[in-house]
Amino acid sequence: MIEDFESFLRRFEEANTAFVNGDASLWMPLVSHSEQSSIFGGFGGHEVGWSQIGPRYEWASSQFRDTGAKVEFEYLEKHVGADTAYTVAIERCTVHHITQPVPVPHVLRATMVFRAENDEWKITHRHADPLNPKASPSGP
């Protein structure tokens with residue numbers, strides 16, 4: 001029987017909080033090792049397949065200092081099917097990047113896709129980027 005999705009989300013939220021404190025150890029077991037997984041990460045770019053996204057997640061987490069930051073999640077949408085699920089959320093916290101002298105606000109719009117693998121939910125896609133204010137396109 002597949003794991004309860006809300007229980008999984010609690011583990012995901014704990015892992016996300018550890019991630020922005022420089023610790024990917026809780027995050028990595030939640031990620032699909034499939035070559036049909038992908039990431040459009042908060043630092044830009046894209047990776048496809050475990051061979052690319054595994055190292056990318058490790059690198060991304062290493063860009064944060066441990067400050068005890070706690071991520072707050074505002075779920076705008078959640079949907080759970082028989083073997084797939086997704087969430088659309090705003091993730092808010094204050095982080096300290098290793099390249100910055102002081103902590104900064106970290107507000108992402110994040111779309112997550114999950115798939116059941118061996119009766120466990122796994123992250124198969126993450127698209128997270130900064131939440132910017134609405135703006136009209138600027139001209140030349």
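**Core, sheet and two buried residues in a predicted model**

Of the 27 residues that make up the largest nonpolar core in this predicted model, Phe8, Phe12, Trp27, Tyr57, Phe114 and Ile123 touch the most other members.

Biologist: Which helices and strands each supply at least two residues of this core, and how many residues come from α1?

Modeller: At least two residues each are supplied by α1 (5-19), α2 (50-61), β4 (84-95), β5 (104-117) and β6 (120-130), and the largest share, six residues, comes from α1.

Biologist: With what is Tyr57 in contact, leaving aside its neighbours within four places in sequence?

Modeller: With those neighbours set aside, Tyr57 is in contact with Phe19, Trp27, Met28, Val31, Ile39, Ile123 and Arg126, and of these partners Trp27 and Ile123 are, like Tyr57 itself, among the core residues that touch the most other members.

Biologist: What makes β2 (47-48) and β3 (72-80) edge strands?

Modeller: The open sheet of six strands runs in the order β2-β1-β6-β5-β4-β3, with mixed pairing, and β2 and β3 are called edge strands because each of them pairs on one side only.

Biologist: How do you know that β3 and β4 count as paired?

Modeller: Two strands pair if at least two bridges are found between them; β3 and β4 have eight bridges, in the antiparallel sense, and therefore they count as a pair. His79, for its part, stands opposite Tyr86 in β4. On the sheet packs α1, which touches β3, β4, β5 and β6, and whose direction makes about 145° with that of β3.

Biologist: Why is Ala24 called buried?

Modeller: Ala24 has a relative accessible area of 8%, and because the term applies under 20%, Ala24 is buried. Ala24 lies in the loop between α1 and β1 (38-40), where, not counting residues up to four places away in sequence, Ala24 touches Phe19, Glu58 and Ser61.

Biologist: Why is Glu3 also called buried?

Modeller: The relative accessible area of Glu3 is 18%, which is under the cut-off of 20%, so Glu3 is buried. Glu3 lies in the segment before α1 and, leaving aside neighbours within four places in sequence, is in contact with Phe8, Arg11, Asp119, Glu120 and Trp121.

Biologist: What makes the approach of the Glu3 side chain to the side chain of Arg11 a polar contact?

Modeller: The distance is 2.8 Å, and because a polar contact requires a suitable pair of N or O atoms within 3.5 Å, the pair of side chains meets that limit.

Terms used
Residues numbered from 1 in each chain as written. Predicted model: local features only at pLDDT ≥ 70, side-chain atom pairs only at ≥ 80, totals over all residues. Heavy atoms only, no water. Core = buried A, V, L, I, M, F, W, Y, C linked by side-chain atoms within 4.5 Å. Buried < 20%, exposed > 50% of the residue type's maximum accessible area, 1.4 Å probe, protein only. Helix = DSSP H or I, 4+ residues; strand = E, 2+ residues; numbered from the N terminus. Contact = heavy atoms within 4.5 Å. Axes fitted to C-alpha atoms, helices over the stretch in contact; angles between N-to-C directions. Polar contact = N/O pair within 3.5 Å; in protein donor to acceptor, adjacent residues only side chain to side chain.
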